[in-house]
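Dear colleague,

Please find below the structure I agreed to pass on to you. I should be grateful if you would look through it together with the notes that come after it.

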Amino acid sequence: MSLKSDPQAAANFTFPSDDPNDPMAVQNQRDSAVRESWVKIMSARELRDAVRECYRKEGVNFPEKCKPIAMAYMEAIKQPQFSGGIGKQIENEKAKRAAHAAAAAASE
């Protein structure tokens with residue numbers, strides 16, 4: 001009698017332990033975090049591709065037609081796994097504007 005190996009089950013196997021001193025538990029937590037991060041990154045890429053396609057398809061009407069997709073993309077890239085890029089630039093610009101407005105209000 002031969003035992004058949006299921007590669008998918010082997011790839012998804014985790015040891016049931018939450019002990020921080022257990023190296024397998026730590027590695028499983030890291031793997032899980034990396035998987036979740038990659039899912040978010042790939043979904044952001046899909047949204048980016050959808051924005052590009054909408055822009056090409058809609059032509060001059062793209063601001064009205066593509067806004068919901070573009071806003072979803074902007075929200076996706078503001079997530080913490082994106083340490084740079086346009087999402088970070090937008091946050092920095094908002095912070096600068098708020099600081100400038102506060103300084104202007106304080107000087108009046």
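The following paragraphs set out what was found, from the whole chain down to single residues.

Please bear in mind that this is a predicted model. The chain contains five helices and zero strands, so that, read from the N terminus, its elements follow the order α-α-α-α-α. Of its 108 residues, 10% count as buried. Among the contacts in the chain with a separation of 6 or more, 31% are accounted for by residues 24 or more positions apart.

The pairing of helix 2 with helix 4

Helix 2 covers residues 23-58 and helix 4 covers residues 67-77. The two pack at an angle of about 150°, and their axes are 9 Å apart. Because angles over 145 degrees count as roughly antiparallel, helix 2 is roughly antiparallel to helix 4. The crossing in which helix 2 passes helix 4 is left-handed.

On the side of helix 2, the residues that meet helix 4 are Ala-44, Leu-47, Arg-48, Ala-50, Val-51 and Cys-54. Their counterparts in helix 4 are Ile-69, Ala-70, Ala-72, Tyr-73, Ala-76 and Ile-77. By class, this contact has 11 nonpolar residues, no polar residues and one charged residue.

The two sides of helix 4

Which residues of helix 4 are buried? They are Tyr-73, Met-74, Ala-76 and Ile-77. Seen down the axis of helix 4, these buried residues fall within an arc of 160°, and therefore they line one face of the helix. The face turned away from that buried side carries the exposed residues Lys-67 and Pro-68. Tyr-73, Ala-76 and Ile-77, listed above as buried, also appear among the residues of helix 4 that meet helix 2.

Three residues of helix 2

Leu-47 lies in helix 2. Is Leu-47 buried or partly exposed? At a relative accessibility of 26%, Leu-47 counts as partly exposed, because the buried class is reserved for values under 20%. Leaving aside residues up to four places away in sequence, Leu-47 touches Ile-69, Ala-72, Tyr-73 and Ala-76. With one of these, Ala-72, the C-alpha to C-alpha distance is 7.4 Å, while the two residues are 25 apart in sequence.

Ser-43 is also placed in helix 2. Its relative accessible area is 36%, so Ser-43 is partly exposed. Between the C-alpha atoms of Ser-43 and Tyr-73 there are 9.0 Å, and these two residues stand 30 residues apart along the chain.

Glu-53 has its place in helix 2 as well. With a relative accessible area of 46%, Glu-53 is partly exposed, since a residue counts as exposed over 50%. The C-alpha atoms of Glu-53 and Cys-66 are separated by 9.4 Å, with their positions 13 residues apart along the chain counted as the sequence separation.

Yours sincerely

Technical notes:
Residues are numbered from 1 along each chain as its sequence is written. This is a predicted model: local features need pLDDT of at least 70, side-chain atom pairs count only at pLDDT 80 or more; totals for chains, interfaces and linings use all residues. Side-chain values use heavy atoms; hydrogens and water are left out. Axes are lines fitted to C-alpha atoms, for helices over the stretch in contact, and angles run from 0 to 180 degrees between N-to-C directions. Helices (H or I, at least four residues) and strands (E, at least two) are DSSP runs, numbered from the N terminus. Angles under 35 degrees count as roughly parallel, over 145 as roughly antiparallel, 65 to 115 as roughly perpendicular and the rest as oblique. A crossing is left-handed if the near helix is turned anticlockwise from the far one by less than a right angle, and right-handed if clockwise. Contact means heavy atoms within 4.5 Å. Ala, Val, Leu, Ile, Met, Phe, Trp, Tyr, Cys and Pro count as nonpolar, Asp, Glu, Lys and Arg as charged, and the others, Gly among them, as polar. Buried means under 20% relative accessible area, exposed over 50%, partly exposed in between (1.4 Å probe, protein chains only). The arc is that of the directions from the helix axis to the C-beta atoms.
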